[in-house]
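Colleague: Could you take me slowly through one part of this model, beginning with a single residue and working outward to whatever surrounds it? I am still learning to read structures, so please go step by step.

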Amino acid sequence: MLFPDSSARYLSESEVVATLNSRSGSPVSQSFAQDAINEIYARNGYIFRTESIRSYYEAQSWYHPNPGYDGSLNTFEAYNIALLSGY
């Protein structure tokens, strides 16, 4: 996971940049930021429409699809998604 506790605390901009740069080996890329956003939704059980993304998360032991997930986010998740969406 890129930010395993992003559902329980606010991420800082410097942390996002540092983590995403270390993962990509280059300046923060949109795809890494999107991966971090997807992880937040995946932890809530969101079922992805894109086959490759759905397959990736279905292969993760921690992922549990929730057909009833309504898209709700807690305060930390909403803030962190807004932050990550800036990349």
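**From one contact outward**

Modeller: If residues up to four places away in sequence are set aside, Thr19 is in contact with Leu2 and Phe3. Before going further, please keep in mind that this is a predicted model, and that every value I quote has been computed from it. Thr19 itself belongs to helix 1, which covers residues 13-24. Its relative accessibility is 18%, and because the cut-off for a buried residue is under 20%, Thr19 counts as buried.

The two partners of Thr19 lead us to the interior, since Leu2 and Phe3 are both members of the largest nonpolar core. This core has twelve residues, and alongside Leu2 and Phe3 they are Leu11, Val16, Leu20, Ala33, Ala36, Ile37, Ile40, Ile81, Leu83 and Leu84. At least two residues of the core come from each of helix 1, helix 2 (30-43) and helix 4. Helix 2 is the one that gives the most, with four residues.

It is worth following helix 4 for a moment, because its buried residues show a clear pattern around the axis. Helix 4 runs over residues 75-84, and its buried residues are Glu77, Asn80, Ile81, Leu83 and Leu84. When you look down the axis of helix 4, these buried residues fall within an arc of 160°, which means that they line one face of the helix. Thr75 and Ala82, by contrast, are exposed on the other side of helix 4. At the start of helix 4 there is also a polar contact to find, where a side-chain oxygen of Asn74 comes to within 2.9 Å of the backbone nitrogen of Phe76.

Let us now turn to the charged residues. Side chains of opposite charge can pair when their charged atoms come close. Searching the whole structure in this way gives three salt bridges. In one of them Arg9 is joined to Asp5, with 2.6 Å between the closest N and O atoms, and in another the side chains of Arg9 and Glu15 meet at 2.3 Å, N to O. Asp5, Arg9 and Glu15 are therefore linked in a network of salt bridges. As for their surroundings, Arg9 counts as partly exposed at 29% relative accessibility, Asp5 counts as partly exposed at 31%, and Glu15 is partly exposed with a relative accessible area of 21%.

A further salt bridge brings together the side chains of Glu51 and Arg54, at 2.3 Å from N to O. Both of these residues lie in helix 3 (residues 51-58), where they are three residues apart, about one turn of the helix. Glu51 is partly exposed, with a relative accessible area of 47%. Arg54 has a second partner to consider, because a polar atom of its side chain lies 3.2 Å from the backbone oxygen of Arg49, inside the 3.5 Å limit for a polar contact. Leaving aside residues up to four places away in sequence, Arg54 touches Ile47, Phe48 and Arg49.

Phe48 takes us on to the aromatic rings, of which the structure holds ten pairs. The rings of Tyr41 and Tyr46 have centres 5.8 Å apart and planes at 55°, so this pair is described as tilted. Tyr41 is partly exposed at 23% relative accessibility, and Tyr46 is also partly exposed, at 27%. Phe48 and Tyr57, on the other hand, form a stacked pair, with 5.0 Å from centre to centre and 20° between the planes. Both rings of that stacked pair belong to buried residues, for Phe48 has a relative accessible area of 6% and Tyr57 has one of 4%. If you follow the ring pairs from one residue to the next, they link Tyr41, Tyr46, Phe48, Tyr56, Tyr57, Trp62, Tyr63 and Tyr69 into a cluster.

Key:
Residues numbered from 1 in each chain as written. Predicted model: local features only at pLDDT ≥ 70, side-chain atom pairs only at ≥ 80, totals over all residues. Heavy atoms only, no water. Buried < 20%, exposed > 50% of the residue type's maximum accessible area, 1.4 Å probe, protein only. Arc of directions from axis to C-beta. Polar contact = N/O pair within 3.5 Å; in protein donor to acceptor, adjacent residues only side chain to side chain. Contact = heavy atoms within 4.5 Å. Salt bridge = Lys/Arg side-chain N within 4 Å of Asp/Glu carboxyl O. Core = buried A, V, L, I, M, F, W, Y, C linked by side-chain atoms within 4.5 Å. Phe/Tyr/Trp six-rings, centres within 6.5 Å; stacked < 30°, edge-to-face > 60°.
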